[in-house]
Amino acid sequence: MDFDYDSLVVLAAVVRTGSFDAAAKSLNVTQSAVSQRIKQLEEKVGSILIQRGRPCVATEDGMLLCQHHEQIDLLRH
């Protein structure tokens, strides 16, 4: 399955910062844009990737995608 790299960046930012709002600020986008990216990614994968709460945390599937993002990031650099 191919994933949009920007969506993986957003997912990793939410996990790193613990909130959609903080992720949006770190990426210089709106909170709505972050929410939409996560929703689209969850629909594509077919499962919940982020447990909404304070803080937001990745589900098991979310962690796997974060690890995938890290591997892609290493290859890009």
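Which side chain meets that of Asp21 in a salt bridge? In this predicted model, the partner of Asp21 is Lys25, and the N to O distance between the two side chains is 3.4 Å. The structure holds three salt bridges, and they are described below together with helix α1, the largest nonpolar core and a few individual residues.

**Helix α1 and what surrounds it**

- Helix α1 covers residues 5-17, and because 13 residues at 1.5 Å a residue should span 18 Å, the distance of 18 Å between its end C-alpha atoms agrees with the expected value.
- Several residues of α1 are buried, namely Ser7, Leu8, Val10, Leu11, Ala12, Ala13 and Val14.
- The cover over these buried residues includes the helices α2 (20-27), α3 (31-45) and α4 (60-76), and it also includes the strand β1 (50-51).
- Just after the end of α1 comes Gly18, which takes a positive phi of about 85°.

**The largest nonpolar core**

- The largest nonpolar core has 16 residues, and those that touch the most other members are Leu11, Val14, Phe20, Val34, Ile38 and Ile50.
- Each of the helices α1, α2, α3 and α4 supplies at least two residues of this core, while the largest share, five residues, comes from α1.
- Ile38 can serve as an example of how the chain comes together here: leaving out residues up to four places away in sequence, Ile38 touches Val10, Leu11, Val14, Phe20, Ile50 and Arg52.

**The salt bridge within helix α2**

- Asp21 and Lys25, the pair from the opening question, both lie in helix α2, where they are four residues apart, or about one turn of the helix.
- An α-helix has 3.6 residues a turn, so residues three or four places apart point the same way.
- Asp21 is partly exposed, since its relative accessible area is 40%, whereas Lys25, with a relative accessible area of 60%, is exposed.

**Salt bridges between separate parts of the chain**

- Arg37 forms a salt bridge with Asp4, and the closest N and O atoms of this pair are 2.3 Å apart.
- Because Arg37 lies in helix α3 and Asp4 in the segment before α1, this pair ties together parts that are 33 residues apart in sequence.
- Arg37 counts as partly exposed at 28% relative accessibility, and Asp4, at 37% relative accessibility, also counts as partly exposed.
- A further salt bridge is formed where the side chains of Glu42 and Arg52 meet, with 2.8 Å from N to O.
- This pair links distant parts of the chain, given that Glu42 is in helix α3 and Arg52 is in the loop between β1 and β2 (57-58), ten residues apart.
- Glu42 is buried, with a relative accessible area of 10%, but its partner Arg52 counts as partly exposed at 45% relative accessibility.

**Surroundings of Glu42, Ser47 and Gln31**

- When residues up to four places away in sequence are not counted, Glu42 touches Ser47, Ile48, Leu49, Ile50 and Arg52, and the last of these, Arg52, is also its salt-bridge partner.
- Ser47 lies in the loop between α3 and β1, and the residues that Ser47 touches, not counting those up to four places away in sequence, are Glu42 and Asp61.
- Ser47 and His69 are 22 residues apart in sequence, and their C-alpha atoms are 17 Å apart in space.
- Gln31 is found in helix α3 and is partly exposed, with a relative accessible area of 38%.
- Leaving aside neighbours within four places in sequence, Gln31 is in contact with Phe20, Asp21 and Ala24.
- Gln31 and Val9 are 22 residues apart along the chain, and a distance of 14 Å separates their C-alpha atoms.

**Aromatic rings**

- A search of the whole structure finds zero aromatic pairs.
- An aromatic ring does, however, have a charged residue over its face: Arg76 lies over the face of Tyr5, at 4.2 Å from the ring centre.

Notes. Residues are numbered from 1 along each chain as its sequence is written. This is a predicted model: local features need pLDDT of at least 70, side-chain atom pairs count only at pLDDT 80 or more; totals for chains, interfaces and linings use all residues. Side-chain values use heavy atoms; hydrogens and water are left out. Rings of Phe, Tyr and Trp (its six-membered ring) pair if their centres lie within 6.5 Å; planes under 30 degrees apart count as stacked, over 60 as edge-to-face and the rest as tilted. A charge sits over a ring if NZ of Lys or CZ of Arg is within 6 Å of the ring centre and within 35 degrees of the ring normal. The expected span of a helix is 1.5 Å times one less than its number of residues. Buried means under 20% relative accessible area, exposed over 50%, partly exposed in between (1.4 Å probe, protein chains only). Contact means heavy atoms within 4.5 Å. A nonpolar core is a set of buried Ala, Val, Leu, Ile, Met, Phe, Trp, Tyr and Cys residues joined through side-chain atoms within 4.5 Å. A salt bridge is a side-chain nitrogen of Lys or Arg within 4 Å of a carboxyl oxygen of Asp or Glu.
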